Amino acid sequence: MVSTLETRQTVEEVSGDYKYGFVTDIEMVKAPKGLNEDVIKFISAKKKEPEWLLEWRLKAYKKWLTMEEPDWPMLDYKKPDFQDIYYYAAPKSADDRPKSLDEVDPELLKTYEKLGISLQEQEVLSGVAVDIVFDSVSVATTFREALKKRGVIFCSISEAAQDYPELMKKYLGSVVPAADNFYATLNSAVFTDGTFVYIPKGVRCPMELSTYFRINEANTGQFERTLIIADEGSYVSYLEGCTAPMRDENQLHAAVVELIILDDAEIKYSTVQNWYPGNKDGVGGIFNFVTKRAACRGKNSKVSWTQVETGSAITWKYPSCLLIGDGSVGEFYSVAITNNYQQADTGTKMIHIGKNTSSTIISKGISAGKAQNIYRGLVKVMPNAENTRNFTQCDSLLIGDECGAHTVPYIEAKNPTAQLEHEATTSKISEEQLFYCLQRGLDVEEAVSLIVNGFCKEVMMQLPMEFAVEAQKLLGISLEGSVG
Amino acid sequence: MTEKNHFDGRNYANYFNAHRHILPNAELAWLNDVRAKAISSFIEVGLPGPKVEEWKYTNLNLLKTTIYETSEKIATENTDIIQKYALEGVLGSKVVFVDGYFNSELSDVQKQQGVVLTSLNEFISANPEHAEQVFQESKNQDSLGELNTALMTGGFVLIIDENIKLAEPIQIFHIASEKSQAKSLRLKNFINIKSTSSAQIIEYFISPDNIDCWRQNVTEVIVGEKAKLEIYQFQQEGNETIHMNQTLADVKESGNFKHYSLNIGGKISRTEIKPTINGLYGNVDLRGAFLGRNGNSHDVFTHMKHMKPEGDSNQSYRGVLDKGGKSAFQGKVYVAKDAQLTNANQSNKNLLLDRGAEANSKPELLIYADDVKCSHGTTVGELDNEAIFYLKSRGLDQKAAKALLVEAFVAEVFEDIKLQSVKSRYLELAGSWLESGD
């Protein structure tokens, strides 16, 4: 790949005699458009990364050049032009942001209101430049201190690369290798920031961790990288995203999440994804191509993925569990709602490797408008995985006759002691249910929201309190305009 | 990075060019064209590799380099074999193919007004125009179908005029002899049941052990309005046989198509059934079982398409895998946007009896209509120890207890068969399969 003239010039401008032909200019806010080795060096230098991490990125980049974008998902989208993307942009300065809520898109504000988000929070979410962000700074500081006392490391991945190189070296890319798949490899080469969490032995993390409180790192950009390590006997619950709609200029989001769970530890990972889904005619919207994987390496370790996917024009992700340790447990609870022209190809992979491992998959797909919703999942039992148990249920609900709901499960068993069950149904909202709600005085949209919430209840119950209430409202909002 | 890069089509192209003149009815120019077109489409796409989703679980690498030569017609040798396999009390016509060619001595084709039952080669030479039209309308759906058309040596044609109900089932025997070593046996069959008519077909696939041959049958079926067709298949191939059997069915308004199969033999066994409901109220029922051990690899692939409203389809497959047995069930239900009020069910249950057994299942739903009821279920597990214990406490030994449970497990899919002799043959075979194990 030939670097563009613009790139070369910019890089030449900032480069000196440094080993990589490069000096960092901290003032520069944007890397030039396009992707090449110099851009990666730029990102790495900007993040003051150790040399090994740069090497790692470059190796990933070289691999990525040889890879082809996969076309097996049932998704219809224009493949991104990777030379037409900015791979690094510093967070917006206060001058660029809206000065007050009056400058924010009124439709966005309407949604905030429906979700019951406080005015102050609305300001933060829509990126209004406020000098002191009400209480959350102090809240965050208090949180950080409480965590520190218990030895929990909770910081940005760039900080971790500098402060905890041993942990980073040991675990980064150990679950999702740098050459894993097209988008994960791209992420490995260019990830800009993300979260690093380490829970020491025997510590039960005293609070639910969320990027929301890591306010100094609010803008993590489009290539996010998360690495969470739960050491022996520890527990952590991690929340990703928030119910409020998120606008972003970047169309392509390719994140990688790696979880490592050692003996008797547990990670609960909850996601509410509400990126901009594009308008009613399917114009715009985020491509959300994510690789999420958990390795249950320890005995009796446990991971639980819960996701509520309502946003993005295209969602393409399969949070997976490698059940390596004996007696490890993997869980996957998912609600995916697609409306208008949204498309979602999502599901999970449960790879049973150790003995006495078990997994549960509950997936609820709701498709409305002209949307396509696909569940794709794999349950694989390796020859030595004695006494594996799996239960899978995936239900789809269709609203309107122009959408599609698809189920593509793979069940592969190589051990005779395995007990695997899979069931799936596809149906629509029954006329009787709807009629009953209407005659009780609900309007059609309220009725649909009520029925959909009932349909998703098993999954919603898994959400932490912080999310649960808002997520319920979110389901209703996501389906607005799909009936009547 | 497509698979076809690794596939050298020249082998097949050369082979075809060298042998096209000795294929049946080679003197017919149009048939020659049909074959030539088919071979070039085949070479263009190549053999499906493991990266092709539909062939994920069955590896055809050995076909890339080895050419199985087209089989040759042999004189009748073993006349007892038909007696051995034919079902007692089934009085309809018997059609026998030996090594891919129709055998008139062993066959017993009964004449009936309004019913055409003949070998494909005879049909082509007797009615070339009609045959040409049939081939024009035929649509191969994949590269292996093209290969079949290019190199077929025969097949059968069954056409039943309107309003005729065949009283007795037709039995069709596909026999491979010892001489089929390293040969390919390719048949193309056409079945057309016109409105309000009905027929039953029983097919047997038999080859000797230790004979490495490649059988490839493609059957195109039309089930007319209110017509009814039932196909019962017994696949009892030898341990070295590659068995491929594809059935494409076009089901018209209120048509009823049933397909039952039992797969026991073969080193690679692939049963493909692709019915399409093209009229209102179509009804399709696909059921079967596959029993595998010691290098058997069974692959059942269904693609059920609902194109019109108010159709019903049902799929139910059971797999039993013992040591060294491998299976894949890949079922697909497609419901088009117009096919409202469709009911589609899919079920696949697998039993793993021992270590070294493998079961794969991929029941897929693709649904574009909202007012439908579709479901699928899959299970994989072992025999219930308590049930075995119960039977043992009643005086059965371990093996007999297992056999009884497996038989009951398999029996469920064959429960509704009305032809008693067919049903008991299915159960007999399933029972004896288990007893023949170690």
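Here are some notes on this predicted two-chain model, point by point.

1. **Chain A overall.** Chain A has 13 helices and 20 strands. Of its 484 residues, 50% count as buried. Contacts here are mostly long-range: taking those with a separation of 6 or more, 83% join residues that sit 24 or more positions apart.

2. **Chain B overall.** Chain B carries 10 helices and 20 strands, and buried residues come to 51% of its 438 residues. Residues 24 or more positions apart make up 84% of the chain B contacts with a separation of 6 or more. The C-alpha trace of chain B covers about 70 × 55 × 50 Å along its principal axes. If you want a quick sanity check, a compact globule with 438 residues would have a radius of gyration near 22 Å, and chain B comes out at 21 Å, so the two agree.

3. **Where the chains meet.** The contact draws 29 residues from chain A and 32 residues from chain B. On the chain A side, the elements giving two or more residues are strand S18 (389-399), strand S19 (404-413) and strand S20 (419-428). That side of chain A is a mixed bag: 12 nonpolar, 10 polar and seven charged residues.

4. **A strand pairing across the chains.** Have a look at S20(A), which pairs with strand S20 (residues 373-381) of chain B. The two run in the antiparallel sense, with seven bridges between them. To find the register by eye, start from Thr426(A), whose bridge partner in S20(B) is Cys374(B).

5. **Two domains in chain B.** Chain B splits into domain 1 (71-383) and domain 2 (384-438). Their centres, taken over C-alpha atoms, are 25 Å apart. The contact between them uses 24 residues from domain 1 of chain B and 21 residues from domain 2 of chain B. On the domain 1 side, at least two residues each come from strand S8 (198-206), strand S10 (228-236), strand S12 (256-263), strand S14 (283-292) and strand S16 (312-321) of chain B. By type, that side of domain 1 of chain B has 15 nonpolar, four polar and five charged residues.

6. **Strand S17 of chain B and its partners.** Strand S17 (residues 326-335) of chain B is mostly covered, with eight of its 10 residues buried. What does S17(B) pair with in the parallel sense over 10 bridges? One such partner is strand S19 (residues 358-367) of chain B, where Leu365(B) stands opposite Val333(B). Strand S15 (residues 297-306) of chain B also runs parallel to S17(B), joined to it by 10 bridges. For that pair, use Thr302(B), which faces Gly331(B) in S17(B). When you go through side chains here, remember that they alternate between the two faces of the sheet in a regular strand.

7. **Helix H11 of chain A.** Helix H11 (residues 444-455) of chain A passes a simple length check: at 1.5 Å a residue, its 12 residues should span 16 Å, and the end C-alpha atoms are indeed 16 Å apart. The buried residues in H11(A) include Ala447(A), Val448(A), Ser449(A), Val452(A) and Phe455(A).

8. **Ile228 of chain A.** Ile228(A) belongs to strand S4 (residues 224-230) of chain A. Is Ile228(A) buried or exposed? Ile228(A) is buried, because 23 other C-beta atoms lie within 10 Å, and the cut-off for that label is 20 or more. Beyond its neighbours within four places in sequence, Ile228(A) is in contact with Val197(A), Val236(A), Tyr238(A), Leu259(A) and Ile267(A). Cys296(A) is 68 residues away along the chain, with 12 Å between its C-alpha atom and that of Ile228(A).

9. **Two asparagines with positive phi.** Asn340(A) has phi near 50 degrees, a positive value in a residue other than glycine. Asn340(A) sits in the loop between strand S13 (329-338) and strand S14 (343-346) of chain A, and it counts as buried because 20 other C-beta atoms lie within 10 Å. Asn163(B) has a positive phi of about 60 degrees, although it is not a glycine. Asn163(B) lies in the loop between strand S5 (156-160) and strand S6 (170-175) of chain B. With 13 C-beta neighbours inside 10 Å, Asn163(B) counts as partly exposed.

Key
Residues are numbered from 1 along each chain as its sequence is written. Chains are lettered from A and ligands numbered from 1 in the order in which they are written. This is a predicted model: local features need pLDDT of at least 70, side-chain atom pairs count only at pLDDT 80 or more; totals for chains, interfaces and linings use all residues. Two residues are in contact if their C-beta atoms, placed from the backbone, lie within 7 Å. Helices (H or I, at least four residues) and strands (E, at least two) are DSSP runs, numbered from the N terminus. Ala, Val, Leu, Ile, Met, Phe, Trp, Tyr, Cys and Pro count as nonpolar, Asp, Glu, Lys and Arg as charged, and the others, Gly among them, as polar. Two strands pair if DSSP finds at least two bridges between them. Domain bounds come from an automatic or database domain assignment. The radius of gyration is taken over C-alpha atoms; the globule rule is 2.2 Å times the number of residues to the power 0.38. A residue is buried if 20 or more other C-beta atoms lie within 10 Å of its own, exposed if 12 or fewer, and partly exposed in between; C-beta atoms are placed from the backbone. The expected span of a helix is 1.5 Å times one less than its number of residues.
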